[in-house]
Amino acid sequence: MAFTYPQARQSDQVDTYHGIDILDPYRWLEDSDSQETRAWIEAQNELTFGFLKQHPNRDRLKERLTQLWNYEKYGIPFKEGDRYFYFKNDGLQNQNVLYVLDDLDGDSRVLLDPNQLSDDGTVALTGYAISPDGQWLAYALSESGSDWKTWHIRNIDNSQDLDDEVKWSKFSGAAWTHDNQGFYYSAYDRPQEESQYEDINYFQKLYYHRRGTPQSEDVLIYERPDEKEWGFSGDVTDDGRYLIISVWRGTEPKNLVFYQDLHTPTSPQLDAPVVELINTWEARYDVVGNEGDRLWLTTDFNAPRYCLIALDLPRGDRHIIIPEADDVLQGVSLLNHQFVVEYLKDARSQVKRFNLSGEFLDDVELPGIGSVGGFGGKASDRETFYAFTGFTTPTCIYRYDLTRGESHLFRQPTVDFNPEEYETHQVFYHSKDGTRIPMFITHKRGLVCDGNNPTYLYGYGGFNISLTPSFSVSQLVWMELGGVLAIPNLRGGGEYGEAWHQAGIKGNKQNVFDDFIAAAEWLIDQGYTCSEKLAIGGGSNGGLLVGACMTQRPDLFAAAIPEVGVLDMLRFHKFTIGWAWCSDYGSPDDAEEFKALYAYSPLHRVQPGTAYPATLIITGDHDDRVVPGHSFKFAAALQAADAGEKPLLIRIETKAGHGAGKPTSKRIEEVADKWVFLQQVLMDH
């Protein structure tokens, strides 16, 4: 089938990088609001949706997705004061609803329903913090998928909002002082109105907002005008004594730790000096809690798989409490005056308990092989909650009795499928350089490996992020269609600690692509699928993964779905928070790092006269994380280079961003279109 693509003007824009002239003919598409770009977007969507809507199974897929999606989804309960709080979605609500209850066995009531804030569900709750007395809710709202958020305050007794409005916050949570009078947050200077979704984000500042006062009176707690890339995350210790300031720089895994002694929880000293406890970029440090002037932190300093240490203030003398183990330490909670420690073993969760001296107590028995999250609370808590999930196990919520060491099922969803009809197993294969890589494979039970199964190979491989087992209605529907789901744990992630992460960044980034390509070849060699039935997918950094692999090995894949991808590796650092990714990618401004970036940059590896896999690029026109210009330019280049007959399409969601807060209705539409696209190009012939 031949496609006539919308015309994309080619300019004579040329940039010089370290003595090399590089053409950028679609630079004009970076302006997503220009009249020319809007016309191009409209024409592309008309072509894409015309192709997708012609498939007879599209409505049926949407119906099945809607049917499966329509189940109660519970968040992990947490406690502040004498109240419990949790999120729940009745099934098809566009946004999750925040509930409050005074007793676990009592009736809950709605505290905040973001679905009431917009007709189309595009206003999302993107941050929240409950005051220690359980009386006040600080909450942040974002519109149309933007990372910009505005903070408000709600009285939990009567669900009425104060007049407080705190704007231009981004990449920030909130932390209340223990007098319950106000909270810390981070923000940037007000951007220019016309370019607020593209302007680069520098010079974040940490503020304190006092309840009932205008933002103009907020107290500036900390800033560094000499360090434009530094960001600040403020948190208050359980006893209210210390403000902990974690200093971050982009997405690099290292951070600094400063603190402010608030002296007394009932009257915090906002002007107390900020003490630089850890002031060199040597490792990652995360504060777990404190007991008086002793802080406990997890760190990968001289321990790439992490350990737990104690620091005694104010001098910062350190002692190892729980040493590095063979498995990766994922997180530590201080509960019931014990440490509850989560480990990752071959990308699967394990949980253990230790006393405050670091002596092992016991294993927390989990419901099966999968992923856990939660175990939050305070040092004196005798109960906690956690979530458990797997590829065919919808997320269940458990209450854990810390005195008895027992788990009790608290909430279990009912989903319209039989998990016994599916099976998951973990395999290991070798990458190009011989490195052993784990991969999860899930499919219908009794699958015949005859080399003819449509297969969706999904990956990420970056920023120290681990891909662990989790339930997904989207993936379930793919398997109902007869598809195989394969998820490898690529280098660049955090599955085996910092060394695994480092093996997939900057000059080592090609390892990630080699790992993914090797996974595809292994699936073919083992008879799961063939090139004509193999699709690849990934989002954000995973979109880069897909773009790089489909341009390096267009012969290996039948289809590719890069979602909100980083695809122009020479200009990614010039928009919003893109500069922060140089810690993983390297910088085009560095001559040596430029060579590696240019070598794999998907936009620049598109070659005229090449037959590329059938491609569905997905982006949102309000994405201010990975600006849509990446996807726009990549689509234009692919279509201009096309030498085959497979569709090379772009699906551009309007009033949507990078993904956070995306309404359920839009998510269902998008997933249906992904699987319809793969049905058309993998299964219908």
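Two aromatic rings of Phe, Tyr or Trp (its six-membered ring) are taken as a pair here if their centres lie within 6.5 Å. Keep in mind that you're looking at a predicted model. With that rule, a search of the whole structure turns up 44 aromatic pairs.

Let's start with Trp-148 and Trp-168. Their rings sit 5.2 Å apart, centre to centre, with 90 degrees between the planes, which makes the pair edge-to-face. Trp-148 is in the loop between strand 9 (136–143) and strand 10 (149–155), while Trp-168 belongs to strand 12 (residues 166–169), so this pair ties together parts that are 20 residues apart in sequence. Are these two tryptophans buried or exposed? Both Trp-148 and Trp-168 are buried.

Now compare the geometry of Tyr-185 and Tyr-207. This pair is stacked, at 5.6 Å centre to centre and 20 degrees between the planes. Here too the link is between distant parts of the chain: Tyr-185 comes from strand 14 (residues 182–187) and Tyr-207 from strand 15 (residues 205–210), 22 residues apart. Tyr-185 and Tyr-207 are each buried. They also have company, as Trp-151, Trp-176 and Phe-183 join Tyr-185 and Tyr-207 in one aromatic cluster.

Next, a couple of strand residues and what they touch. Thr-126 is in strand 8 (residues 123–130). With a relative accessibility of 28%, Thr-126 counts as partly exposed. Which residues does Thr-126 contact, leaving aside neighbours within four places in sequence? They are Ala-140, Leu-141, Ser-142 and Lys-149. Take Ala-140: in sequence it is 14 residues from Thr-126, yet the two C-alpha atoms are 5.5 Å apart in space.

Further along the chain, Gly-289 has its place in strand 21 (residues 285–291). Gly-289 has a relative accessible area of 13%, so it is buried. If you again set aside residues up to four places away in sequence, Gly-289 touches Arg-294, Leu-295, Trp-296 and Leu-334. As for Ala-310, it is 21 residues from Gly-289 in sequence, with a C-alpha to C-alpha separation of 9.8 Å.

Some of the loops have backbone details to check. In the loop between strand 23 (307–312) and strand 24 (317–322) you'll find Pro-314. The peptide bond joining Leu-313 to Pro-314 is cis, with omega at about 0 degrees.

Two other loop residues have a positive phi without being glycine. One is Asp-346, with phi near 50 degrees, in the loop between strand 26 (338–345) and strand 27 (348–354). The other is Ser-540, where phi is near 65 degrees; this serine is in the loop that runs between strand 37 (534–539) and helix 6 (541–552). How accessible are they? Asp-346 has 21% relative accessibility and therefore counts as partly exposed. Ser-540, at 16%, counts as buried because the cut-off for that class is under 20%.

That leaves the helices. Two packed helices are described by the angle between their axes and the distance between the axes. Helix 11 (residues 664–683) is a good one to follow, starting with its contact with helix 3 (residues 473–480): the two axes come within 10 Å and cross at roughly 25 degrees. Helix 3 and helix 11 are therefore roughly parallel to each other. Their crossing is right-handed. On the helix 3 side, Ser-474, Val-477 and Trp-478 make the contact, and helix 11 brings Val-671, Trp-675, Leu-678, Leu-682 and Met-683. Sorted by class, that contact has seven nonpolar residues, one polar and no charged ones.

Helix 11 also meets helix 1 (residues 35–53), and there the axes come within 9 Å and cross at roughly 70 degrees. So helix 1 is roughly perpendicular to helix 11. The crossing of helix 1 and helix 11 is left-handed. Which residues meet in this contact? From helix 1 there are Phe-49, Phe-51 and Leu-52, and from helix 11 there are Asp-673, Val-676, Phe-677 and Gln-680. By class, the contact of helix 1 with helix 11 has five nonpolar residues, one polar and one charged.

How values were computed
Residues are numbered from 1 along each chain as its sequence is written. This is a predicted model: local features need pLDDT of at least 70, side-chain atom pairs count only at pLDDT 80 or more; totals for chains, interfaces and linings use all residues. Side-chain values use heavy atoms; hydrogens and water are left out. Axes are lines fitted to C-alpha atoms, for helices over the stretch in contact, and angles run from 0 to 180 degrees between N-to-C directions. Helices (H or I, at least four residues) and strands (E, at least two) are DSSP runs, numbered from the N terminus. Angles under 35 degrees count as roughly parallel, over 145 as roughly antiparallel, 65 to 115 as roughly perpendicular and the rest as oblique. A crossing is left-handed if the near helix is turned anticlockwise from the far one by less than a right angle, and right-handed if clockwise. Contact means heavy atoms within 4.5 Å. Ala, Val, Leu, Ile, Met, Phe, Trp, Tyr, Cys and Pro count as nonpolar, Asp, Glu, Lys and Arg as charged, and the others, Gly among them, as polar. Buried means under 20% relative accessible area, exposed over 50%, partly exposed in between (1.4 Å probe, protein chains only). Rings of Phe, Tyr and Trp (its six-membered ring) pair if their centres lie within 6.5 Å; planes under 30 degrees apart count as stacked, over 60 as edge-to-face and the rest as tilted.
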